[in-house]
Amino acid sequence: MSRRLLVTVFEDELDIVNATRTARENRYNIVDVYTPFAVHGLDEAMGLKPSKLGWVCFALGLAGAVAKLWFQIWTSSQSWPVNVGGKPLSSVPAFVPVTFEIMVLFAGVGTVITFFALRKLFPGKKPHIVYEGATNNRFILVLEQSDAAFDLRNVRTMFEPFNLVAMEERIDKEKK
Amino acid sequence: MSEVYSILREPLIGGNKTYNDVTNDVCSPLERKPTIAWWFAFTISFTMLIAGVISVTYLLTTGIGTWGLNNTIGWAFDITNFVFWIGIGHAGTLISAILFLFRQKWRTSVNRSAEAMTIFAVICAGIFPIIHMGRPWLAFFVIPYPNERGPLWVNFRSPLVWDMFAISTYFTISFVFWYVGLIPDLATIRDRAQSHFKRKIFGFLSFGWNGSNRTWSHYEKIYLLLAGLATPLVVSVHTIVSWDFATSVIPGWHTTIFPPYFVAGAVFSGFAMVLTLMLIVRKVLRFEEYITLHHVESMCKIIIATGGIVSMAYGTEYFIALYSGNEYEKFTFINRALGPYSWSYWIMVSCNVISPQLFWFRKIRRNVALVFLISIFINIGMWFERFVIITTSLTRDYLPASWDSYSPTSIEIATLVGSFGLFLTLFLLFARFLPMIAIGEVKGVLSYGRKNNGEHL
Amino acid sequence: MSEYHNVKFEREQETIPHRGIDRRDFLKLSGFTFAGALLGGCQAPKVDKAIPFLVKPEEITPGLSTFYATTCGGCNASCGIITKNRDGRPIKIEGNPSHPISQGGLCAVGQAHLLGLYDSHRLKNPTMLGKETVWNDIDSAIKNTLKEIQTNNGAVRFLSNTISSPTQRNTIAKFLSGFSNAQHIEYDALSVSAILDAHEKTHGTRVLPHYRFDKTEVIVSVDADFLGTWISPVEFTKDYHKGKILNGNNSKFSFHAQIEANVSLTGSNADKRISISPNAYKNFLYDLTTTIEGGKSSIAEVNELARKLLSAKGKSLVVCGVNDIELQLLSNYINHLLSNYGNTIDIETPSKQYRGNDTELQKLISEITEGKISALFIYNGNPLFDIPEGNALKKHIEAIPLSISFSERSDETSSATTFICPEHHSLESWNENEVRAGIYSLSQPVLQPLRNTRSLIESLNAWMDTPKTAYDAIRDEWKNSVFTMQKKENDFQKFWDKCVHDGFAEVESGKNTVQEFSKQSLQNISRSSETTAMALILYPKISIREGKHAHNPWLQELPDPITKIVWDNYVSLSKKTAEHLSVKENDVVEITAQISNERRTLKLPTHIQQGMCDNVVAVALGYGRKGTERFTNIGPEWFEAKPTVNQGELVGKNAAVFLQFVNGSISYNLLQCSVSKTKEQYRLAATQEYHSLQMPEHLVPAGSERRPIIQETTFGAYIQDNSAGSFSKHEYESIWPEEHQYNNHHWGMAIDLTKCTGCSGCVIGCQSENNIPCVGKDEIARNREMTWIRIDRYFQEEENTFSVAFQPMMCHHCNNAPCETVCPVLATVHNEEGLNQQIYNRCVGTRYCSNNCPYKVRRFNWFDYEHGDEMQKLVLNPDVVVRERGVMEKCSFCIQRIQEAKIIAKSNGVALKDGDIQPACQQSCPANAIVFGDMNDKNSELSKRMNDKRYYKVLEEVGTRPAVGYMTLVRNSDEVNNV
């Protein structure tokens with residue numbers, strides 16, 4: 001299905017934050033906000049829930065650590081036990097450093113991959129730029145014209161205090 | 001154009017920049033033709049690199065005998081360079097991760113190139129453990145892979161195996177961290193790119209980034225997570241490197257204070273290297289307004305701090321040696337200061353303990369020429385610190401009959417030069433093709449120390 | 001044999017394979033192996049092709065060793081040896097434990113002369129005027145000339161080193177009897193002629209006494225290096241230690257004083273070492289004589305020695321190594337006064353090891369120079385190199401109508417003779433030696449001759465037209481003489497077989513008739529006037545001796561026990577003398593001397609030697625041998641490498657130019673010379689840089705003492721308390737649970753520092769057993785020697801005391817080995833018998849293990865080291881891997897021997913006995929200093945030593961828990977002067 005979208009463009013981080021907040025307070029349906037850099041306060045202005053990636057990170061780290069520790073103990077005391085410098089076959093204290101490194105490796109790389117997967121980012125993906133300058137100096141708020149009550153004039157007046165620079169309607173073909 | 005400056009803080013970025021200015025300034029070096037200065041620097045670095053390549057080739061075809069090592073001194077330049085380069089790397093991670101966690105906004109202008117520096121330094125470092133092997137073509141033996149030999153695994157008690165894991169992890173995480181940070185900027189470049197070809201390349205590299213805030217919010221999260229992981233990682237890496245020596249039985253190596261000592265030393269040397277590079281970059285690429293004297297000063301302050309820790313470590317080391325009552329330990333340290341290699345010891349002390357003290361003076365901290373000079377001194381001093389620890393300890397250990405001396409061969413020197421060649425070459429290419437400053441992050445702190453009345457045009 | 005000739009033996013520098021043994025070499029080697037296998041049996045028929053076994057010779061089983069008892073050809077001492085053959089070729093020489101002379105010991109030279117067998121420079125064929133030819137031609141040519149000489153009564157002279165083989169002597173005698181004017185002259189490069197002359201004067205019999213060090217309690221040696229190079233070092237070392245037994249309360253410990261100027265091996269082992277100039281030797285002995293006669297000397301030491309000697313009448317021994325009749329007469333007299341003759345000196349069954357006669361040699365030299373000789377035979381000697389004026393004889397010898405050398409190579413002498421009729425290598429031929437009256441040591445060939453050579457006996461018989469093989473000649477000789485001297489066996493064949501098996505025969509020989517001691521000849525000996533002139537000492541080195549083995553790279557690279565220098569000879573002088581001449585180490589000095597009113601000079605680098613007498617310089621003989629340019633390219637080739645010898649130069653310089661005849665015997669001490677500094681520099685290569693257990697003054701930590709590496713005490717203290725001199729024991733606490741048990745075997749080693757003389761036999765033994773390459777001078781200078789066992793040597797010099805301690809150092813096979821923990825790839829691990837193993841093909845060469853070894857006994861293959869030329873690779877031990885470049889290696893406790901012994905025991909279904917396994921270093925140690933064994937076997941020799949109060953471990957405090965231990969060094973001196 002296709003949607004009617006309203007693209008509003010701002011020039012400053014404060015403006016976009018305030019604009020977004022007001023839009024949400026006025027129960028406008030915010031599709032997304034596009035900014036050249038991470039604008040603080042925008043998340044709660046949009047009403048986004050805090051990212052869950054932290055738990056993913058923790059789980060992966062734990063998995064890596066356990067697996068590696070087990071592997072070290074297995075290789076040195078089960079698979080092929082050898083007497084090295086008179087030390088015990090599973091000299092666990094000596095296994096800590098590698099365990100730690102693998103934990104960090106799994107957690108770090110794993111989380112990033114999850115992130116890319118989550119946001120469907122991958123090398124060579126065709127970028128979808130809503131408005132020229134989105135990655136330079138423009139702050140874009142996209143609203144969905146859901147119901148008939150939607151009135152461009154109201155929107156314009158609502159955004160007046162936030163130095164709205166441009167505003168245009170679009171029909172969104174692609175599946176969002 | 002009315003601008004009101006904060007009376008409390010001077011802005012991080014000078015010259016009243018707009019978002020667009022930032023983009024233009026940072027991207028312009030990538031879009032204009034390379035300058036004479038760049039070509040000059042590149043030619044020199046590349047020549048150095050070639051010298052290194054030749055010497056290593058000779059080494060690999062002829063044998064480790066082409067180095068000045070002997071039965072008593074099994075490591076000298078090779079591992080010294082290794083530890084030196086790893087140390088250099090640490091500043092990058094520190095700036096990008098630790099200062100991020102501490103919300104040090106000034107880091108934004110330098111973190112990108114500092115992280116790049118980390119990656120290149122780790123590459124340089126990683127070469128040495130491989131070429132220092134007698135049979136590098138069997139280097140893969142240190143990787144625990146299933147094999148037909150039993151299977152025969154590796155010795156997880158060996159600090160060299162720890163190194164192998166630490167270095168590879170460190171490299172991977174640093175690279176990921178750096179690249180994740182790079183993606184939004186790559187998108188920026190993509191969107192302003194003139195040539196179709198360039199758009200294609202950066203389009204590919206920028207993962208289809210479009211600045212969606214839904215992405216940004218996850219992005220911020222993983223950036224924080226990576227910073228949180230990289231911080232203990234960077235500490236662990238140099239700790240493990242220091243264990244190469246601390247876990248041994250050789251007087252002068254067998255020292256429990258090595259981990260903190262080495263980490264501090266690493267940050268110390270790393271910041272010196274960051275300064276050396278940044279001071280050149282800001283001049284050559286005209287980034288004075290991004291890398292301001294304020295940045296230079298902050299880094300000088302960190303150098304005073306870490307330098308202090310290092311000096312403290314030198315003192316402690318000495319005290320413990322003499323206090324321990326261990327004959328061999330005592331002798332080793334007296335021998336360092338007064339023995340045949342005392343010259344290297346005193347180079348180390350004067351460069352690492354004395355020269356940073358000048359940074360107590362604000363005048364000197366803000367004098368670019370002096371800061372540059374001192375940063376060079378510190379680099380030299382820190383290289384010698386590793387040389388002193390590794391080589392002079394080995395020259396005279398337990399049995400006087402096996403005492404011996406060491407002097408490098410031309411091959412070893414060429415290899416060291418070559419590693420610098422590699423480092424600089426990579427850095428120059430980076431400066432040529434990627435944004436040296438994190439555009440996105442700088443824009444984020446543009447308002448810092450500046451009353452923002454929304455008037456930017 | 002022909003395929004021997006097809007293979008090119010000359011070392012081709014440019015075709016040196018760069019990785020161990022390449023395909024071509026392998027094929028060559030296998031070629032040898034097959035042929036060698038076929039020829040292995042002494043009597044195996046000659047073959048013309050290399051073919052694999054069709055019918056396997058009975059004593060050859062591939063992979064199994066065969067052993068032959070024979071006699072060492074390394075020097076005149078004629079020690080008994082056992083050769084280990086693999087696939088028909090000898091790969092190792094060891095002492096024959098049952099041999100009456102060497103009693104199982106073997107010195108470095110003896111073990112190394114195996115390599116000489118495979119020397120590619122040995123002549124392939126007899127030569128006529130430098131051109132190779134065949135025996136028939138050369139024989140006819142020689143016979144014709146001999147006929148002429150016979151007809152016109154030309155003078156025929158046969159010059160040789162001491163020949164102790166009766167068969168050879170008789171054959172020579174028979175041969176010479178065919179001429180009206182013929183004589184057989186014997187001489188020795190390291191002459192002891194004066195001893196024999198002196199006994200002729202004092203006891204009316206010109207013999208070399210048999211010195212009984214085993215029976216002595218007080219030994220006074222004047223410059224006699226009897227533990228190192230003098231007469232029969234191995235025999236003397238064995239006997240010497242029979243007089244030094246530390247066994248708690250029933251210990252006996254002889255007192256040994258050494259009077260010498262240079263630091264000799266014997267001197268460094270002496271209980272008391274008195275350092276005086278050779279100028280003073282005579283007066284010292286003279287004073288000693290008078291003091292013993294009842295007089296009193298102005299020198300306290302002399303009185304002290306006299307007292308000690310008198311207190312041990314009949315149990316004392318005074319030996320003098322100075323080849324001077326007067327000094328020998330004096331020492332004979334002292335021994336006579338102390339009634340040592342018949343007790344500690346046996347001249348009734350004398351030694352036959354040396355009988356050279358310098359007076360006759362001198363006479364011959366004048367005959368030669370006057371051109372009176374028409375035929376000169378030179379056997380087993382190199383006079384042009386090693387006798388006074390030797391070089392001057394060249395032109396005269398070339399002028400002699402018929403000059404024949406039997407040399408194995410074209411050397412200084414043989415290159416001047418018309419014919420060279422090369423003699424076999426001692427391992428290739430039948431021979432025998434009457435080592436001592438009644439003791440015959442037999443030599444049997446352990447392989448067919450590698451070259452077209454012929455034994456002396458066969459050559460002479462051929463020229464007498466009475467062809468006879470050496471085998472037959474010797475067998476007949478034994479049938480008619482040796483066999484008849486014994487009663488035990490009455491079937492000759494049985495007797496012969498037993499002798500061939502044992503390698504020797506002990507029989508009853510008639511006692512040598514000896515006259516009453518006559519003082520007559522001492523009348524005109526008087527005290528000589530004291531001089532302080534600079535004196536020059538020409539001494540033989542442990543390794544190179546008179547130079548006979550100068551072509552042997554093992555010996556050239558064997559560190560001198562005292563100076564630790566390899567590959568060169570040099571001018572040793574004391575620190576004071578050096579300061580006085582203002583020379584430093586490696587400065588080249590010029591020695592100048594007037595000899596027979598002719599100015600002789602020699603330029604050599606300086607070595608400053610602690611403990612040396614001032615105003616004395618010492619130079620080693622035997623260097624500067626022709627052909628040693630061959631060693632230019634020994635060692636690795638890379639652009640910073642320096643050649644072992646500069647292009648076209650020789651290894652060292654020949655010091656024989658300073659030899660001269662003094663009262664009828666060759667004098668090795670030049671009492672008047674001058675030394676001057678030159679501008680040149682010459683780098684000497686040594687394996688040890690620092691020589692003391694005391695730290696350098698300016699680096700000594702407050703309140704620290706010498707490093708606790710060598711435990712040392714005096715015999716007095718030992719008797720009081722057997723643990724005297726022990727370091728405080730360190731309680732070792734592990735943070736780890738004790739998880740690894742060694743229940744079956746737990747190998748270990750104990751080395752007795754009191755016994756070890758530092759002779760370095762073990763070093764060569766190890767090199768030969770474990771395929772250790774020679775690395776060349778430059779590598780040694782870079783401290784990259786490859787020897788698995790090294791002998792650490794420490795000096796302690798105070799105003800009047802100078803002591804030396806030797807400490808063999810090899811892998812300690814630590815239970816908690818620091819090397820193992822740090823190896824990333826498990827290339828060095830512990831096995832269940834407590835061995836620290838090195839797995840070559842797993843090693844990646846990080847050298848971390850070596851760095852972390854407190855003993856620094858690990859060795860790294862810095863390059864692909866050459867294992868000699870292609871032919872010398874035949875000496876490689878097939879049981880030991882040849883290591884590749886970039887690999888770490890070290891002492892393995894000769895694990896191949898351990899395994900072999902275990903397999904044999906198992907196949908015989910018996911348990912391993914203590915002593916079944918002897919590492920190469922232990923097997924031939926002349927001093928029995930090294931004992932290897934099972935620590936779990938409570939009755940093993942090792943366990944006994946470990947329970948001894950003297951037993952201690954080096955660097956125990958590091959917590960490595962080594963399996964190698966040492967025994968306190970005990971000296972019979974008044975106060976302990978710790979090294």
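Of the 176 residues of chain A, 50% count as buried in this predicted model. The chain holds 5 helices and 4 strands. Their order along the sequence is β-α-β-α-α-α-β-α-β. The radius of gyration of chain A is 25 Å, whereas a compact globule of 176 residues would have one near 16 Å. Along the principal axes, the C-alpha atoms of chain A fill a box of roughly 85 × 30 × 30 Å. Contacts between residues at least 6 apart in sequence were also examined in chain A; 77% of them join residues at least 24 apart.

Chain B has 15 helices and 2 strands. Its radius of gyration is 23 Å, close to the 23 Å given by the globule rule for 457 residues, so chain B is as compact as a globular protein of that length. The C-alpha trace of chain B spans about 80 × 55 × 40 Å along its principal axes. Buried residues make up 66% of the 457 in chain B. Among chain B contacts between residues at least 6 apart in sequence, 81% join residues at least 24 apart.

The second largest pocket encloses about 1300 Å³ of space. Its lining comprises 45 residues, and those closest to the pocket centre are Ala246(B), Thr247(B), Ser248(B), Val249(B) and His254(B). Elements from chains A, B and C each supply at least two lining residues. Chain A provides helix H4 (92–118). From chain B come helix H5 (159–192), helix H7 (213–246), helix H9 (293–324) and helix H10 (327–338). Chain C provides helix H23 (818–822). The largest share of this lining, 5 residues, belongs to H9(B). By class, the pocket lining has 24 nonpolar, 15 polar and 6 charged residues.

The second largest cavity has a volume of about 200 Å³. It is lined by 22 residues. Nearest its centre lie Thr687(C), Glu785(C), Arg790(C), Asp792(C) and Arg859(C). Strand S35 (residues 790–797) of chain C gives the most to the cavity lining, with 3 residues. The cavity lining divides into 7 nonpolar, 8 polar and 7 charged residues.

Three loop residues of chain C were then examined individually. Lys856(C) sits in the loop between helix H24 (848–851) and strand S39 (859–860). Lys856(C) counts as buried because its relative accessibility is 1%, below the 20% cut-off. Its side chain reaches the backbone oxygen of Asn851(C) at 2.8 Å. Beyond residues up to four places away in sequence, Lys856(C) touches residues of two chains. Its chain B partners are Asn71(B), Thr72(B), Ile250(B), Asp397(B) and Ser402(B). In chain C, Lys856(C) touches Arg790(C), Ser850(C) and Asn851(C). Of these, Arg790(C) is also among the residues nearest the centre of the second largest cavity.

Thr754(C) lies in the loop between strand S34 (747–752) and helix H21 (761–769) of chain C. Thr754(C) is buried, with a relative accessible area of 11%. Leaving aside residues up to four places away in sequence, Thr754(C) touches His241(C), Leu246(C), Phe253(C), Arg950(C), Met967(C), Thr968(C), Leu969(C) and Val970(C). With Arg950(C) there is a polar contact between side chains, at 2.9 Å. Thr754(C) and Ala963(C) are 209 residues apart in sequence; their C-alpha atoms are 19 Å apart in space.

Glu640(C) is located in the loop between strand S27 (616–620) and strand S28 (660–662) of chain C. Its relative accessible area is 23%, and Glu640(C) is therefore partly exposed. Glu640(C) touches Thr409(B) and Ser410(B) in chain B, together with Asp778(C) and Arg782(C) in chain C, not counting residues up to four places away in sequence. The side chains of Glu640(C) and Ser410(B) make a polar contact of 2.7 Å. From Glu640(C) to Gly965(C) the separation is 325 residues in sequence and 40 Å in space, C-alpha to C-alpha.

Definitions and conventions:
Residues numbered from 1 in each chain as written. Chains lettered and ligands numbered in written order. Predicted model: local features only at pLDDT ≥ 70, side-chain atom pairs only at ≥ 80, totals over all residues. Heavy atoms only, no water. Buried < 20%, exposed > 50% of the residue type's maximum accessible area, 1.4 Å probe, protein only. Polar contact = N/O pair within 3.5 Å; in protein donor to acceptor, adjacent residues only side chain to side chain. Contact = heavy atoms within 4.5 Å. 1 Å grid on protein atoms, 1.4 Å probe; cavity = no way out; pocket = protein on both sides within 12 Å on 5 of 7 lines; lining within 4 Å. Points joined across faces, edges and corners; volume = space filled by probe spheres on them. Nonpolar A, V, L, I, M, F, W, Y, C, P; charged D, E, K, R; others polar. Rg over C-alpha atoms; globule rule 2.2 N^0.38 Å.
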